[in-house]
Amino acid sequence: MSTTESSTPLAASVLVIDDEKKLAGLFAEILEGEGLTVHMAHKGGDGLAKLDEYIDEIGMVFTDMKLPDMTGNDVLREVKRRRQDLPVVVVTGFATKDGAVEAMRLGAYDYLSKPFKIEEVTLVARRALERSRLIDENRYLQNELLNRYKFETVIGDNEKMQAAYVTAAKVAKSNATVLITGESGTGKEVLARAIHFQSTRAEKPFVKVNCAALPEHLLEDELFGHEKGAFTDASSQRIGRFEWAHGGTLFLDEIGEVAPGVQVKLLRVLQEREFERIGSSKTIKVDVRIVAATNRDLQRAISDGTFREDLFYRLNVVPIELPPLRERPSDMPFLVNHFLKKYGDETGRPDMKVTPEAMEALKHHNWKGNIRELENSIERAMILAERDEIEPRHLLIGASLNSGNSYMPNAAVSNALPTIAELITKALERTGGDEKAAATMIGCDVKNLRAWKE
Ligand SMILES: Nc1ncnc2c1ncn2[C@@H]1O[C@H](COP(=O)(O)OP(=O)(O)OP(=O)(O)O)[C@@H](O)[C@H]1O
Ligand SMILES: [Mg+2]
């Protein structure tokens, strides 16, 4: 698995537009005191020119409402035309205080009325820049994912798999709720992202919630957020994932694991597209497309009484089922080539091939972990193979590691399989002794790697 880390540039400059030079100077002093870079202009037009010049660097704008050449709201409109999500704070005096309402309607982040306190300036600047940073980060991650999706999806020849992607492409254009089912590792999340990035919502956030990872009260908090003071630990307000996903797609992973209390709440959002933050009576409306996924048989969960039938019907508007890998052996060469290419560069072995015997073994293996297991197996085999050829024994999918359906006869395999120690030694060789990277390659915890090594 790739472990490349990248960071987003932090837009930490502030643009201040104010014709009163003394006041502009005061802003600069306060903000520079906070370690921020300040660009100053005394006219609206000059301010916009500065914005164009430093567009990648400026993280927020303060503009006075009354400027010699234009109003603060004109500046606001122009800023929004250049960068829709750049936070703008409008500064109003007594004579221009009515303009604040209009400014908020036009999408100002906030307003400051003169006279203001120093703390008000620093607080609003900090909050606005943090928001800018999150937006930047989100945009950056979206791009990353978009690129990823381009390279990472193999569809293959299998009819069921093709049907799944055709349905996904069709449904991407609508706002319909999608329920993806399939065994673990069959590519449910990959498909959910494919739907999002083909949809008209592609530029908006794709937000994932793993419903199985959190106990009931935390999941509720994660989904809907809370107001300050809603419960003992709620020292500040928190925006939930439904709000984060506004305009985009919310991916509810492992939906079959949601507790009954949260199921009721989800039902309401699915029906009404509205909810309240915990501890608040204010109703929030959101525009999100829901894609849910599960590896559980929900029909069975309904008869067991663990999943609400009404929620199931709300989710199951467009059902898509992904086939298990063992049912699509003819796709094996496509997938294997894809992973050979993917890890060829990473492991410095771009010419790696799979012998016909190894391909047969791959086609006949049971693949309980589906594509994820295949991917791990290929990556590992590329480390283990001495030459540019992956043989059956490099795959570690023999009987001694997988109970149940196995292609290779027991005895032949257990002799040929490398021991864990050999595996670790090879991985360490390839990573130049980097234990962390070696652990990632083998797919084990670094602690285990150290323990096994000894
Ligand atoms: N169509 C595909 N083409 C290439 N790689 C894929 C494809 N589908 C899945 N994969 C790979 O398999 C791995 C597992 O996929 P994914 O996380 O989408 O599975 P999942 O069904 O959500 O599994 P789980 O139920 O365990 O969460 C991914 O890391 C991805 O690299
Ligand atoms: Mg998943």
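In this predicted model, the buried residues of helix H2 sit under a cover that includes strands S1 (13-17), S2 (37-41) and S3 (58-64), along with helix H3 (72-82). H2 itself runs over residues 44-53, and its buried residues are Gly44, Gly47, Leu48 and Leu51. These span an arc of only 95° around the axis, so they end up on the same side of H2. That fits the general rule: an α-helix has 3.6 residues a turn, so residues three or four places apart point the same way. Turn to the face of H2 that looks away from the buried side, and the exposed residues there are Ala49, Asp52 and Glu53.

Zooming out, the protein has 19 helices and 16 strands. Of its 454 residues, 33% count as buried. Among contacts with a separation of 6 or more, 69% come from residues 24 or more positions apart.

Next, the nonpolar cores. In soluble globular proteins, nonpolar side chains tend to be buried together. Here the largest such core has 40 residues, and the ones with the most contacts inside it are Ile180, Leu191, Ile195 and Leu250. Helix H6 (residues 159-172) is the biggest giver to this core, supplying 5 residues. Leu191 makes a handy example: setting aside neighbours within four places in sequence, Leu191 is in contact with Ala164, Ala168, Ile180, Ile320 and Leu322. A second core, separate from that one, has 33 residues, including Leu48, Ile58, Val121 and Leu129. Leu48 was met above as one of the buried residues of H2.

As for ligand 1, 16 residues surround it, the closest being Ser184, Gly187, Lys188, Glu189 and Ile371. Two elements give two or more residues to this shell, namely helix H7 (188-198) and helix H15 (370-384). Sorted by class, the shell has 8 polar, 5 charged and 3 nonpolar residues. Ligand 1 lies between domain 2 (153-321) and domain 3 (326-418), because both domains give residues to the shell around it.

Helix H15 is also home to Leu384. Leu384 has 20 C-beta neighbours inside 10 Å, so it counts as buried. Leu396 is 12 residues away from Leu384 along the chain, and the C-alpha atoms of the two are separated by 9.8 Å.

Note on methods. Residues numbered from 1 in each chain as written. Chains lettered and ligands numbered in written order. Predicted model: local features only at pLDDT ≥ 70, side-chain atom pairs only at ≥ 80, totals over all residues. Near = placed C-beta within 6 Å. Helix = DSSP H or I, 4+ residues; strand = E, 2+ residues; numbered from the N terminus. Nonpolar A, V, L, I, M, F, W, Y, C, P; charged D, E, K, R; others polar. Domains from an automatic or database assignment. Core = buried A, V, L, I, M, F, W, Y, C linked by C-beta atoms within 7 Å. Buried ≥ 20, exposed ≤ 12 C-beta atoms within 10 Å, placed from the backbone. Contact = placed C-beta atoms within 7 Å. Arc of directions from axis to C-beta.
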